[in-house]
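Subject: A structure for you to explore

Hello,

Here is the structure I promised to pass on. Have a look at it first, and then read on for what turned up.

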Amino acid sequence: MNILFVGNSFTYYHTMTGIFWELCHANGKDAAVEEITVGGWYLHQYTDPADKHGTAVPYKLRQKKWDFVVLQDQSANPAKDPEDFFAASRTLSGWAKENGAKPCFYQTWAYRDGTEKLASTGMGYREFYEALKASYEKAAAENDALISPVGTAFYRVSLSHPEINLFEEADDYHPTTAGSFLAACEFYKTFFGEKPEKLFVPEGLTEETCRILREEA
């Protein structure tokens, strides 16, 4: 299985795709994982040939046959400017399908509740989460794509296990290692239809924390 991730720091923080690969390897799943990620980038920038990274996706798609292409937009854009998100989603999903790949949307999460970063969006925690969720679900439906509901898992864990910190203290929106592990578990279930039986425990996490996050995925 060949999987290409296209996004930004929410994809590459704490080597989330590497954690996902380690979970695949530990459970005997044959998966090759690559990524095109630039900090802060919007999906529409990957569709613009004038952008310095605007040719990266077509180039990568020509290199091999992909099974899945994962799409992740700038963290607030699907909630703040859904039409921009939908337009880029159509273009990138179309390119993926031309390659024979299934698009998959990476539903991201609301910023940490009660913070200035969240307040800057003009939305409350649940409101922001629901706006992101609705946009990603619409994009998936319109493009006959999968969706990996990572943002929903973040929302659930933030309520049920507040002792597990999913957000970096420095900015209140990037994922911690725990957040990236949770995302990796969600992608594992999305692609394989089951939770990883065997765990890969990243440095800085305990096996018990990983078990909790796996069950929440």
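Which residues are buried in helix α8 (residues 150-160)? They are Val150, Gly151, Thr152, Ala153, Phe154, Tyr155 and Val157. It helps to ask next what they pack against: the buried residues of α8 meet β4 (102-106), α7, β5 (146-148), α9 (177-192) and α10 (207-216). Please keep in mind as you read that this is a predicted model.

**The whole chain**

Stepping back, the protein chain holds 10 helices and five strands. Its C-alpha trace spans about 45 × 45 × 30 Å along the principal axes. A compact globule of 217 residues would have a radius of gyration near 17 Å, and the 16 Å of this chain agrees with that. Of the 217 residues, 53% count as buried.

The contacts tell you something about how the chain is put together. Taking contacts with a separation of 6 or more, 74% are between residues 24 or more positions apart. As for the outside, the accessible surface comes to about 9,300 Å², and carbon and sulfur atoms make up 48% of it. The chain carries 21 positive and 32 negative charges, and the mean positions of these two sets are 5 Å apart.

**Cysteines**

You may wonder how many disulfides a search of the whole structure finds. The number is zero. As a reminder, a disulfide is a covalent bond between the sulfur atoms of two cysteines.

Why is there no such bond at Cys24? The closest cysteine sulfur belongs to Cys185 and lies 10 Å from the sulfur of Cys24, which is too far for a bond. Cys185, in turn, has its closest cysteine sulfur in Cys210, at 7.3 Å, and that is also too far. For scale, the cut-off used for a disulfide is a pair of sulfur atoms within 2.5 Å. Cys24 is buried, with a relative accessible area of 1%, and Cys185 counts as buried at 1% relative accessibility.

**Where α5 and α7 meet**

Now find Ser135, which sits in helix α7 (residues 125-142). Is Ser135 buried or exposed? Its relative accessible area is 7%, so Ser135 is buried. Not counting residues up to four places away in sequence, Ser135 touches Pro78, Ala79, Pro82, Phe85 and Phe86.

One of those partners, Pro82, is worth viewing from its own side. Pro82 belongs to helix α5 (residues 82-99) and counts as partly exposed, at 26% relative accessibility. Leaving aside neighbours within four places in sequence, Pro82 is in contact with Asn77 and Ser135. Pro82 and Ala139 are 57 residues apart in sequence, but their C-alpha atoms are 9.3 Å apart in space.

**Leu118 and Tyr13**

Leu118 lies in helix α6 (residues 116-119) and is buried, with a relative accessible area of 4%. Beyond residues up to four places away in sequence, Leu118 touches Tyr111, Arg112, Asp113, Met123, Gly124, Tyr125 and Phe128. From C-alpha to C-alpha, Leu118 and Tyr173 are 8.4 Å apart, with their positions 55 residues apart in sequence.

Tyr13 is in the loop between α1 (9-12) and α2 (16-26). At 24% relative accessibility, Tyr13 counts as partly exposed. What does Tyr13 contact, leaving aside its neighbours within four places in sequence? The partners are Glu168, Asp171, His174, Pro175 and Ser180. Tyr13 and Ile36 are 23 residues apart in sequence and 13 Å apart in space, again from C-alpha to C-alpha.

**Two aspartates with positive phi**

Finally, look at the backbone of two loop residues. Phi of Asp144 is near 50 degrees, a positive value in a residue other than glycine. Asp144 is in the loop between α7 and β5 and counts as exposed, at 52% relative accessibility.

Asp172 also has a positive phi, near 65 degrees. This residue lies in the loop between α8 and α9. Where Asp144 counts as exposed, Asp172 is buried, with a relative accessible area of 19%. The cut-off for buried is under 20%.

Enjoy exploring it!

Best wishes

Definitions and conventions: Residues are numbered from 1 along each chain as its sequence is written. This is a predicted model: local features need pLDDT of at least 70, side-chain atom pairs count only at pLDDT 80 or more; totals for chains, interfaces and linings use all residues. Side-chain values use heavy atoms; hydrogens and water are left out. Helices (H or I, at least four residues) and strands (E, at least two) are DSSP runs, numbered from the N terminus. The radius of gyration is taken over C-alpha atoms; the globule rule is 2.2 Å times the number of residues to the power 0.38. Buried means under 20% relative accessible area, exposed over 50%, partly exposed in between (1.4 Å probe, protein chains only). Contact means heavy atoms within 4.5 Å. Accessible areas come from the Shrake-Rupley method with a 1.4 Å probe; for residues, only the protein chains shown count as cover. Lys and Arg count as positive and Asp and Glu as negative; His and the chain ends are not counted. The place of a charge is taken as NZ of Lys, CZ of Arg, CG of Asp or CD of Glu.
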